[in-house]
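Student: I have a protein model open and would like to talk through its fold with you. Could we go step by step?

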Amino acid sequence: MTSTSEQPATDSSGPFSSVDDVVEALSAQGYIADRRLATTVFLLTRLEKPLLLEGPAGVGKTELAKMLAAATGRRFLRLQCYEGQDETKALYEWDYGKQLLYTQILREKIGQVVEDAPDIPTAVDRIGAQDSVFFSERFLAARPLLQAIRSEEPVVLLIDEVDRADEALEAVLLETLGEFQISVPEVGTFVADDKPYVILTSNNTRDLAAALKRRCLHLFLDYPTAERELEIVRSKDTGLPEATARELVEVVRGLRELELRKAPSISETIDWARTLAVLGIDELNAQVLADTVSVVVKYDKDVTKALNALPGLVDPNATIDDAHGHGHGHGHGHDGDHSHTPSGNDAPSNGRSAGPAPAVLDDPDDGPDGRAIRAAKDREGRHAGTYGAPGRDAQEAARRAEELGVKPRPVSPSQGSRSFGLGKKRAL
C-alpha cells in the first residue's frame with residue numbers, strides 16, 4: 001500500500017484549491033454544479049466525511065459521484081442497494097468453493113497431519129489448528145465496501161439508493177462511514193490507508209437512521225433552476241436550437257408542477273431535447289410535444305395530465321389535432337372501464353327500456369368514480385321483471401294493497417311442505 005510519504009502533495013489538502021475549482025473541474029467533465037453543491041463537494045474532500053445526497057430521482061446525485069471520480073482521477077466503486085440486501089453483498093463473504101477446492105487438493109497433506117493421531121479428538125484438534133489457513137485473506141471475497149477500504153489507490157465510493165436497503169444494512173455501514181474501517185472477526189480490522197470519498201444517495205422513500213445521518217455531510221439536491229437546467233442541456237450538445245431548448249426547459253418545469261407520479265428528470269429533459277433534434281424540430285408546438293411526451297412521462301395517468309396541460313404550456317390558444325378521436329389517453333383514463341352509454345343503434349333490443357343511465361363522476365385525474373357508479377345502480381325496482389323478480393305491475397299492486405290495509409294471506413310451513421311434497425310424489 002502507498003505510504004504517507006509517497007502520496008501526492010494534493011492528498012494532504014484535497015484535490016481542489018477552492019469552491020470555484022470544484023465548479024470548473026466538474027464542468028470540464030460535463031457536470032454543471034451550482035455553488036451550493038460545489039461548496040459541499042469541496043468540504044467532502046477537505047473534511048474527509050461521507051456526503052449524503054437526498055432528493056427526487058433524476059437530479060444528478062449518482063452522476064455527481066461518477067464525475068467526481070473522473071475529475072479527481074480516482075477509482076470508482078459502486079454499491080447498489082436494494083430491499084433484502086445483506087452484509088455479505090456489501091462487505092465481504094468467504095469463498096467457500098475455493099476453500100473446498102483447496103481442501104480436496106490438500107487431502108493427502110491433511111492425512112499426513114492426522115495419520116499418527118491416537119484418537120479422533122486429537123485428530124480434530126490438529127485440523128482445527130489449521131483454521132487460520134482457510135479463513136485468511138486468501139479466501140476472503142471483498143465486496144464494494146471492503147474493496148474501498150483495502151484499495152491501494154484512491155477511491156470514490158458510491159452507496160446508491162441507500163433508502164431502498166433494509167435498516168439492518170444501515171447499521172453495517174456505520175463503522176465504515178464513521179471510522180473508514182471494516183472488522184472481519186476471523187482476520188482482524190482493515191483500516192483505509194487512503195480514505196475514500198464516500199457519497200450516499202437517497203430518493204426519500206423512507207427516513208434514514210439518525211446515526212447514519214450524523215456521520216455524514218448532508219445536502220438536499222432538488223431540481224435545478226431554469227437557467228442551470230438550460231446550461232446542462234446546452235452542455236450535452238443535443239443539437240436543439242438555443243431558443244427551442246429554452247422553451248423546452250420551461251415546458252418540462254411546467255410538467256413538474258402537475259404533481260405527476262414521476263416528474264421528468266434532468267436526464268429525461270436531455271433525452272427529449274435529443275429526440276426533438278433528431279426529428280428536425282426547431283419550433284415547439286403542442287402537437288409535436290404530444291407525439292413525443294412519452295420520452296419524459298412514463299405512467300399512463302401522468303400522460304393524460306401532461307396532454308391536457310401541454311397546449312397551455314406552449315400556447316394557450318393551441319389545440320391538439322386528434323386523428324383517431326380518442327386522444328392519447330383514449331378518453332377513459334385506462335382504468336379498465338370501457339363502457340359507453342348506449343344510444344341509437346346501440347340501444348337494447350329486448351323490448352325493455354334501459355332506464356336512465358347511471359351517473360358517472362369522471363374525474364380526469366383518477367378516472368370514473370366507482371362508488372358513484374355502484375350507488376347509481378342501487379335503485380329501487382332495478383330487478384323488476386328479470387330473473388324471477390316480480391314485475392312492475394305486481395309491485396304496484398302490492399303497494400296499493402298495503403295502502404288499503406289488505407294484508408297478503410299467510411302461508412303456514414305445513415302448507416308449504418305439503419305442496420312441495422305433493423309435487424315430489426307426483427314426480428315419482
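Student: Along β9, which side chains are buried?
Tutor: Happy to start there, keeping in mind that this is a predicted model. The side chains of β9 alternate between two faces. H218 and F220 point to one face and are not buried, while the other face takes the buried pair, L217 and L219.

Student: Which strand does β9 run parallel to, with 4 bridges joining them?
Tutor: One residue pair helps to locate the partner: H218 in β9 is the bridge partner of L52. The two strands run parallel and are joined by 4 bridges, and the partner of β9 is β1.

Student: And which residue in β8 stands opposite L53?
Tutor: Here we look at the pairing of β1, residues 51-54, with β8. These two strands also pair in the parallel sense, over 4 bridges. Opposite L53, in β8, stands T201.

Student: What is the order of the strands in the open sheet?
Tutor: The open sheet has 5 strands with parallel pairing. Neighbouring strands in this sheet are turned against each other by 20° on average, direction ignored. Read across the sheet, the order is β2-β5-β8-β1-β9.

Student: Which strands stand at the edges of that sheet?
Tutor: An edge strand here has a single partner strand, so one of its sides is left without a neighbour in the sheet. In the order β2-β5-β8-β1-β9, look at the two ends. The edge strands are β2 and β9.

Student: What angle does the direction of α4 make with that of β8?
Tutor: Helix α4, residues 61-72, packs on the sheet. The strands touched by this helix are β1, β2, β5 and β8. Its direction and that of β8 make an angle of about 165°.

Student: Which element gives the most residues to the largest nonpolar core?
Tutor: That core has 33 residues, and the members touching the most others are L145, L157, I159, L177, L200 and L212. Elements that each supply at least two residues include β2, β5, β8 and α10. The top contributor, with 4 residues, is α9.

Student: Which residues does L157 touch, beyond those up to four places away in sequence?
Tutor: L157 is among the core members that touch the most other members. Setting aside residues up to four places away in sequence, its contacts are L77, P144, L145, A148, Y197, V198 and I199.

Student: How many residues are in the second, separate core?
Tutor: As background, nonpolar side chains in soluble globular proteins tend to be buried together. This model has a second core, which includes I32, I232, V233 and L255. The size of that separate core is 31 residues.

Student: At what angle do the axes of α2 and α3 cross?
Tutor: Two packed helices are described by the angle and the distance between their axes. For α2 (residues 19-28) and α3 (residues 35-47), the axes come within 8 Å. The two helices are roughly perpendicular, and the crossing angle is roughly 105°.

Student: How many residues of that contact are nonpolar?
Tutor: On the α2 side the contact is made by V19, D20, V22 and V23, and on the α3 side by R35, A38, T39, V41 and F42. Among the residues of this contact, 2 are charged and 1 is polar. The number of nonpolar residues is 6.

Student: Is Y31, in the loop between α2 and α3, buried or exposed?
Tutor: Beyond its neighbours within four places in sequence, Y31 is in contact with L26, L37, V59, G60, E63, L64, M67 and L221. Its C-alpha atom is 9.8 Å from that of K66, 35 residues apart along the chain. The relative accessible area of Y31 is 8%, so this residue counts as buried.

Student: What is phi of F180?
Tutor: F180 lies in the loop between α10 and β6. With 4% relative accessibility, this residue counts as buried. F180 is a residue other than glycine, yet its phi is positive, near 50°.

Student: And what is the relative accessibility of N204?
Tutor: N204 sits in the loop between β8 and α11. N204 is not a glycine either, and its phi is positive, about 65°. N204 counts as partly exposed, because its relative accessibility is 37%.

Methods:
Residues are numbered from 1 along each chain as its sequence is written. This is a predicted model: local features need pLDDT of at least 70, side-chain atom pairs count only at pLDDT 80 or more; totals for chains, interfaces and linings use all residues. Side-chain values use heavy atoms; hydrogens and water are left out. Axes are lines fitted to C-alpha atoms, for helices over the stretch in contact, and angles run from 0 to 180 degrees between N-to-C directions. Angles under 35 degrees count as roughly parallel, over 145 as roughly antiparallel, 65 to 115 as roughly perpendicular and the rest as oblique. Contact means heavy atoms within 4.5 Å. Ala, Val, Leu, Ile, Met, Phe, Trp, Tyr, Cys and Pro count as nonpolar, Asp, Glu, Lys and Arg as charged, and the others, Gly among them, as polar. A nonpolar core is a set of buried Ala, Val, Leu, Ile, Met, Phe, Trp, Tyr and Cys residues joined through side-chain atoms within 4.5 Å. Buried means under 20% relative accessible area, exposed over 50%, partly exposed in between (1.4 Å probe, protein chains only). Two strands pair if DSSP finds at least two bridges between them.
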